[in-house]
Amino acid sequence: MPILSFRRFAVPLILLLAVLWATLAGAQNGSGPGNGLLAEQQQVVGQLGARIDALEKKIGANSQDDANLVEIRTGLEELSRQLLASGVAFRPRLAEINARLEQLGPAPAEGQPPEPEAVASERKSLVADKAEINVLLGNAESMSIRVTGLINNIAEIRRELFQSLLTKRYDVGYELLGEVVGAAYSEMATFYRTVSSWLRFVVQFKLQSVLAATFFALVAAVVLLVGGRRLFGDLFDADPLVEEPSYLSRLSVAFWSTLVPTAAVSVFLATTYLLYQYFGVLRPDIATIMASLFSVIGIVFFVHRLGDAVLSPKLPNWRLIDVDTGAARLLHWLVFATALFTGVDAFLSQVYQVLSSPLALTVGESLISTVLTGLLVIFIGMVRPASGDDGRPRRWHPLLRFTLFLLGGATIIAALLGYIGLARFMSAQIVITGAVLATMYLGFLSSRAMSDEGAFANTKMGQRLGEVFKLDETTLDQLGLVVSIAVNILVLIIGLPLILFLWGFQPGDITAWIYRFATEIKIGSFSFSLTGILTGIIVFVLGYFVTRWFQGWLDGSVMARGKLDAGVRNSIRTAVGYAGVALAALIGVSAAGIDLSNLALVAGALSLGIGFGLQNVVSNFVSGLILLAERPFKVGDWIVAGAVTGTVKKISVRATEIETFQRQTVILPNSELINAAVGNWTHKNKLGRIEVRVGVAYGSDPRKVHSLLLEIARNHPMALKNPEPAVAFVNFGESSLDFEVRVFLSDILNGVSVQNDIRFAIVDAFERERITIPYPHRELLVRAAASEQATEAWPTDDDRADADLMEKHRAAAAREAERAAPKRKGRVRKPDPH
């Protein structure tokens with residue numbers, strides 16, 4: 001039986017050992033987690049290399065398309081970030097390998113005893129893994145360099161494209177006119193057939209989808225428009241009944257009456273286009289034409305609203321610039337015509353591109369449009385906007401007039417010389433960029449006017465907010481500052497991207513800039529990211545509010561039910577608050593991704609500053625921590641610190657707030673409370689003793705007085721029985737027998753009222769028993785004249801008393817001498833008063 005049992009368990013035991021040996025051998029041969037990571041990253045790097053090859057081929061195929069080049073560059077930048085992430089993934093494994101190799105130590109030199117086979121095999125496997133990882137990292141670095149080169153190549157191609165667009169010259173001779181006339185008729189017919197065939201398709205198959213998409217787009221625009229009117233109210237429309245509106249009101253009306261309707265129209269057009277695309281209504285050619293048409297409609301409407309808001313042809317009181325009504329109407333139509341010609345040129349150029357029209361037609365149409373635009377700009381400069389003091393029309397400011405003539409003339413000259421691309425670019429920037437900059441300028445002016453003291457409170461919006469939320473003028477003024485900052489941010493967010501788009505930048509460019517600006521900013525060797533900083537701030541704010549909530553819950557729900565003393569509760573609440581804020585700050589710094597090792601120099605400088613300039617602050621801080629930990633006094637205690645006596649109201653890490661009995665708040669640095677003697681009447685409990693001193697006249701029965709005082713003390717309701725009251729015969733005074741009543745109270749804070757009660761009782765008892773309370777007496781003696789002859793008045797000074805005494809002694813001596821002397825005949829001589 002024992003042999004059979006051994007055989008029964010021997011086979012499974014041998015199989016288990018074999019499996020364990022195979023596992024260990026596999027681990028030593030590199031089949032562990034590190035090898036799996038290596039295989040995974042090899043696959044990732046291989047895929048990234050294939051994508052780089054594909055994007056490099058696309059660069060050659062799209063070398064004339066700026067938008068596609070931007071998309072390719074965005075893809076390359078994403079690949080660069082993925083390559084960086086692949087390299088970072090090996091850092092833990094490399095650190096592990098290096099640490100293990102350091103533990104194993106170097107291989108034994110020649111002639112030394114060999115190391116165990118397991119150690120040699122493990123070292124060999126680790127070295128092989130490290131070599132493979134280094135090879136893969138080298139490949140990733142090479143790919144990253146290649147990606148950087150491709151991105152630089154795309155930037156160079158785009159620069160050349162823009163340069164060729166502006167510097168390419170076309171022949172604009174008389175032959176062009178014949179080609180334009182011949183091609184215009186056929187291309188218009190082609191355009192008509194294209195649009196009509198699409199309309200028939202829509203009517204037959206997509207009419208419901210078109211109606212539904214248009215309806216939803218219209219609802220979205222109406223919601224925005226109505227919401228804007230309800231939100232901004234009188235800031236939206238000019239009131240013709242107001243004769244003298246303020247400058248802020250005019251600015252606000254001009255800005256919001258331009259922005260909100262333009263936003264509503266843009267929402268309608270964009271939503272319509274997107275829904276048409278979603279329902280499959282648009283063919284590729286019609287989609288391009290419709291996108292161009294909608295863009296032109298939006299821009300022309302925007303310029304029209306802006307001109308109407310600034311010039312206000314129908315309401316002169318709401319006009320922002322000082323021009324006559326006739327000049328305002330003329331300028332409004334000139335600005336509108338300029339935008340219209342520029343928009344028509346852009347739309348027709350897109351149509352000709354879709355229809356693959358002859359180049360001559362595009363050049364001829366652009367030539368006419370740009371020349372007309374330049375002429376309109378010159379006409380705007382020739383307008384006489386206002387009348388002078390003498391009643392004669394006056395021109396624009398010379399600088400503005402020169403600028404308009406220069407821009408219009410340069411556009412016309414560039415077009416006539418054949419630089420059609422440059423002329424189109426200039427005309428578009430004059431109209432669209434000028435309108436955007438004018439709107440931004442209005443927004444900034446409105447924001448600055450709104451930030452003036454009391455300006456926001458005088459607006460309709462401010463008055464409405466004050467009535468609804470019961471806000472005072474100070475709050476409305478602060479709210480005006482907030483609104484001013486919000487308007488500035490809104491103007492920048494909307495205006496800057498529009499200007500960048502107009503100057504040839506693509507959405508991918510702006511996205512890449514924002515990503516670079518938000519992810520990594522380097523200052524020397526120190527780097528940080530705005531997204532990380534924002535994340536750290538959010539984490540800290542959340543931690544702060546969680547700490548405050550936990551403080552309230554701990555104090556109100558836990559410690560209050562435990563009937564803890566108020567001082568203990570305050571110490572615990574304060575300690576929890578500081579600990580929570582410190583923890584939130586550490587987590588916030590960690591979430592922000594800030595490497596604290598880079599701040600070592602700053603920390604050293606701060607340590608030096610703390611050692612010299614901030615030593616008092618640090619001393620108070622440490623003293624505050626000691627006070628919170630040792631608790632020699634707590635909130636609510638009655639303490640005496642030097643000349644300050646009062647109740648502790650708050651203990652912070654820097655200072656302690658004490659309220660005196662005169663309701664004066666005294667802020668004492670914590671270091672003074674630690675380094676000096678502090679008396680605490682309510683340290684462990686509120687038990688305390690009060691004394692009342694009283695004196696009785698000599699001749700009173702001291703035992704009777706003692707008995708009366710003891711009875712008064714014992715009869716007081718607040719006097720403790722144990723320790724019991726006592727009366728002490730303390731002294732023989734100059735004019736009284738002095739007694740002291742000593743009473744112990746359970747709450748020393750009631751000492752003043754108890755002393756008051758005992759004194760009243762003493763007065764009543766002494767009157768009843770006819771016991772006198774003595775007080776010092778002073779007698780005034782008036783001396784009669786020593787002789788009939790009046791003496792001169794002595795000056796009132798410090799020697800008057802001595803002089804009187806000397807005169808009294810002289811007079812007495814003279815009388816004695818007169819009585820002792822023999823009587824003589826004749827006149828008796830009077831004594832000398834001096």
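Me: Where do Trp333 and Phe336 lie, and how many residues apart are they?

Reply: Both sit in helix α10 (residues 325-354), 3 residues apart, about one turn of the helix. Bear in mind that this is a predicted model.

Me: What makes Trp333 and Phe336 an edge-to-face pair?

Reply: Ring centres have to lie within 6.5 Å to pair, and planes over 60 degrees apart count as edge-to-face. For Trp333 and Phe336 the centres are 5.9 Å apart and the planes stand at 85°, so the pair is edge-to-face. Phe215 and Phe216 go the same way, because their centres are 5.7 Å apart and their planes are at 65°.

Me: How many aromatic pairs does that rule give, and which residues are linked into a cluster?

Reply: The count comes to 11 aromatic pairs. Ring pairs also link Trp549, Phe550 and Trp553 into a cluster.

Me: Why is Trp333 called exposed? And what is Phe336 called?

Reply: Exposed needs over 50% relative accessible area, and buried needs under 20%. Trp333 has 56%, so Trp333 counts as exposed. Phe336 has 23%, which falls in between, so Phe336 counts as partly exposed.

Me: Staying with α10, what makes Asp345 and Arg424 a salt bridge?

Reply: The rule asks for a side-chain nitrogen of Lys or Arg within 4 Å of a carboxyl oxygen of Asp or Glu. Asp345 and Arg424 meet at 3.1 Å, N to O. The pair links distant parts of the chain, with Asp345 in helix α10 and Arg424 in helix α13 (residues 420-450), 79 residues apart.

Me: Are these two partners buried or exposed, Asp345 and Arg424?

Reply: Asp345 has a relative accessible area of 4%, so Asp345 is buried. Arg424 has 27%, so Arg424 is partly exposed.

Me: What parts does the salt bridge of Arg693 and Glu740 tie together?

Reply: Their side chains meet at 3.1 Å, N to O. Arg693 lies in strand β10 (residues 688-696) and Glu740 in strand β12 (residues 737-745), so the pair ties together parts that are 47 residues apart in sequence. Arg693 counts as exposed because its relative accessibility is 55%, whereas Glu740 is buried, with a relative accessible area of 9%.

Me: Which residues are joined into one salt-bridge network?

Reply: Asp53, Glu56 and Arg146 are joined by salt bridges that share partners. Over the whole model, the count comes to 10 salt bridges. One of them is Asp637 with Lys634, where the closest N and O atoms are 3.3 Å apart. Both Asp637 and Lys634 are buried.

Me: Now the helices. How do you know that the span of helix α9 agrees with what is expected?

Reply: Helix α9 (residues 284-311) has 28 residues, so at 1.5 Å a residue it should span 40 Å, and its end C-alpha atoms are 41 Å apart, which agrees. Just after α9, Ser312 takes a positive phi of about 45°. Helix α11 (residues 359-382) has 24 residues and reaches 35 Å from first C-alpha to last, close to the 34 Å expected.

Me: What makes α11 mostly covered?

Reply: In α11, 17 of the 24 residues are buried. Even so, α11 gives the largest share of a nonpolar patch, 5 residues. The patch is formed by Phe341, Ile368, Leu372, Leu375, Phe379, Met382 and Phe405, with about 580 Å² of accessible area together.

Me: On to the sheet. Why are β8 and β9 said to stand at the edges?

Reply: The order is β8-β7-β6-β5-β9, an open sheet of 5 strands with antiparallel pairing. β8 and β9 each have a single partner strand, so one side of each is left without a neighbour in the sheet.

Me: How do you know that β6 and β7 pair?

Reply: Pairing takes at least two bridges, and 5 bridges join β6 (residues 644-651) to β7 (residues 655-660). Lys650 stands opposite Glu657 in β7, and a hairpin of 3 residues joins the two strands. β7 and β8 (residues 665-669) also pair over 5 bridges, with Glu659 opposite Thr665. In their hairpin, Arg663 takes a positive phi near 65°. β5 (residues 638-641) and β9 pair over 2 bridges, with Asn680 as the bridge partner of Ile639.

Technical notes
Residues numbered from 1 in each chain as written. Predicted model: local features only at pLDDT ≥ 70, side-chain atom pairs only at ≥ 80, totals over all residues. Heavy atoms only, no water. Phe/Tyr/Trp six-rings, centres within 6.5 Å; stacked < 30°, edge-to-face > 60°. Helix = DSSP H or I, 4+ residues; strand = E, 2+ residues; numbered from the N terminus. Buried < 20%, exposed > 50% of the residue type's maximum accessible area, 1.4 Å probe, protein only. Patch = residues over 30% accessible without salt bridge, like charges linked within 9 Å, V, L, I, M, F, W, Y side chains within 5 Å. Areas by Shrake-Rupley, 256 points an atom, 1.4 Å probe, with all protein chains shown as cover. Expected span 1.5 Å × (residues − 1).
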